[in-house]
Amino acid sequence: MDFWTTPLGWTLATAGAILLVTVGILISLAFLLLADRKIWAGVQMRKGPNVVGPFGLLQSFADFFKFVLKEIVVPAGADKVVFLLAPLITFVLAFIAWAVIPFAPGWVISDLNVGILYIFAISSLGVYGIIMGGWASNSKYPFLGSLRSAAQMVSYEVSIGLVIVNVILLAGTMNLTQIVTDQQGWIWNWFAFGGGLASWPTIVVMFPMAIIFFISALAETNRPPFDLPEAESELVAGYQVEYSSTPYLLFMIGEYANIVFMCTMISLLFFGGWNPGFPTDFLDSWPQFLANLFLFGVLFVKIIFWFAMIAMVKAFVPRYRYDQLMRLGWKIFLPTSLVAVVVVAAWRVFAVGA
Amino acid sequence: MLQGIAFYVLAAVTVIGGLLVVTARNPVHSVLWLILTFFSAAGLFVLLGAEFLAMLLVVVYVGAVAVLFLFVVMMLDVDFVRLREGFAKYLPLAVIVAGVLLAEMVMISLVVAQGGAAAASTGPATPNPDATNVEALGRVLYTDYVYIFQAAGIVLLIAMIGAIVLTLRHKPNVKRQDVGRQVGRDRNKAMEIKSVPTGTGVKPEDLV
């Protein structure tokens, strides 16, 4: 075991962990993408993709090969380097955010004690891929789409940040593992339900905060009903108009990785992460690996649940108009979450005690 | 060893990025290089053990300030020929400013190298090694320096109000959406049933 503590061993172990997480996410993305289309189809009483493989399970892989084998078209007059850099940035940023996500107790690549800030920093960079792609295309629709998207993502980041501050105040830490551990035990310990019986009245604030986080996550990832950057009725496909083949695929994978990431965040921050909602003392007698696998399964189910919610929102809700989107972000979510921060902070100081 | 490699790589990227900010011909590329510089500076903060500052640098500068830079630079119609026209004219001034900055930096580094000013001061209280970055900063920021901290907040608030005052215009004849009124509208307010006698048609005054 000594080898794993040497610099070389540490590098190899970390690289292995990163590879495992990345490949794991990529493979789950393939099926989640299919699930997204299937749910969308189900709501509209269609069948969805059902030709490639049993129940269309291999559809995403067929799409993958189709994308990869097509020609990469770079428009004339495009800024070639920035044009090709933009999807890469989106793709990479969507994956490095997963570095601080704890999948089960101890199953985390980097257990930063400013984990939430790291996530916030990375997600605030996500806008660059879109804005660079839109500008470098040297075309009107992509540019308009990317400007919209930049304004939208910057706006909703504010409310996401303030919502997260509420969780940080209740948990008293920015370490994600610690935040999830704080929610263990019964279901009322989850932060969406106030974070424990001692501070149950905060449910009045925290449950709406969880909903605001969910809606802001939709806006942040440019999902319907907030998919204005790529509103097909007015901007064709927004910043993606000029993209084809693998660069487009990178944009799409990055987008879906961000969506799944947001599902994971809402599960970790508000809905107990890997805690199933009842005490898990019976796991003490299990082997460590099996216990962790069980807890990871719990987190996985929650992620799938939130992904299904996001997929259904896409099918149910009509697209927002741009001024309504901005109104929702700045005039409703921002003041609400700001008041919530004051209330939760006051509760922490005067009711729970420092 | 890993730390050493990381430091030299990040420092090199920071310096080269900074150089390219001023030499890049396309202003958008300049901003992109600036972002890279910010980012590697954040990496240097991480190496120093100041992870909170690093994250704040990325959130505030890269995530917000540089996005606005990029916004402005992309929207501006920059004429490169006209930009270069003044180059020779402003060169002497630029050299003087750069020279003063360089001299100051050399002086500071000399003083630091000899342990001058740093050796004289007792320095800040040694941080508690157990406390995390955030905790250590929070403990001083909200106790010893709370008035300065609040004053900084007020300065930002004034700047924000100033920006709003400068840009807010209430134009007449602009239709605005009043969501409360829209939602509160019911069938009785929205429509009225008129009984029109057969064969006479609808006159304009009936509709008012």
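This section describes the interface between chain A and chain B and the second largest pocket of the predicted model.

In the predicted model, the contact between the two chains involves 24 residues of chain B and 29 residues of chain A. Together the chains bury about 2,200 Å² between them, of which 80% lies on carbon and sulfur atoms. Zero salt bridges were found across this interface, whereas five residue pairs, both members at pLDDT 80 or more, are in polar contact across the interface of chain B and chain A. On the side of chain B that touches chain A, helix H2 (27–47) and helix H3 (51–75) of chain B each supply at least two residues, and the largest share, 13 residues, comes from H3(B). By class, this side of chain B comprises 18 nonpolar residues, five polar residues and one charged residue.

The second largest pocket has a volume of about 1,900 Å³ and is lined by 50 residues, with A:Ile96, A:Tyr118, A:Ile122, B:Leu10 and B:Phe39 lying nearest its centre. Both chains take part in the lining of this pocket, to which at least two residues each are supplied by helix H1 (7–43), helix H3 (80–96) and helix H4 (115–136) of chain A, and by helix H1 (2–23), H2 and H3 of chain B. The most is given by H2(B), which provides eleven residues of the lining of the second largest pocket. When the lining residues of this pocket are divided by class, 38 are nonpolar, ten are polar and two are charged.

Definitions and conventions. Residues numbered from 1 in each chain as written. Chains lettered and ligands numbered in written order. Predicted model: local features only at pLDDT ≥ 70, side-chain atom pairs only at ≥ 80, totals over all residues. Heavy atoms only, no water. Contact = heavy atoms within 4.5 Å. Buried area = accessible area lost by both parts, 1.4 Å probe. Salt bridge = Lys/Arg side-chain N within 4 Å of Asp/Glu carboxyl O. Polar contact = N/O pair within 3.5 Å; in protein donor to acceptor, adjacent residues only side chain to side chain. Helix = DSSP H or I, 4+ residues; strand = E, 2+ residues; numbered from the N terminus. Nonpolar A, V, L, I, M, F, W, Y, C, P; charged D, E, K, R; others polar. 1 Å grid on protein atoms, 1.4 Å probe; cavity = no way out; pocket = protein on both sides within 12 Å on 5 of 7 lines; lining within 4 Å. Points joined across faces, edges and corners; volume = space filled by probe spheres on them.
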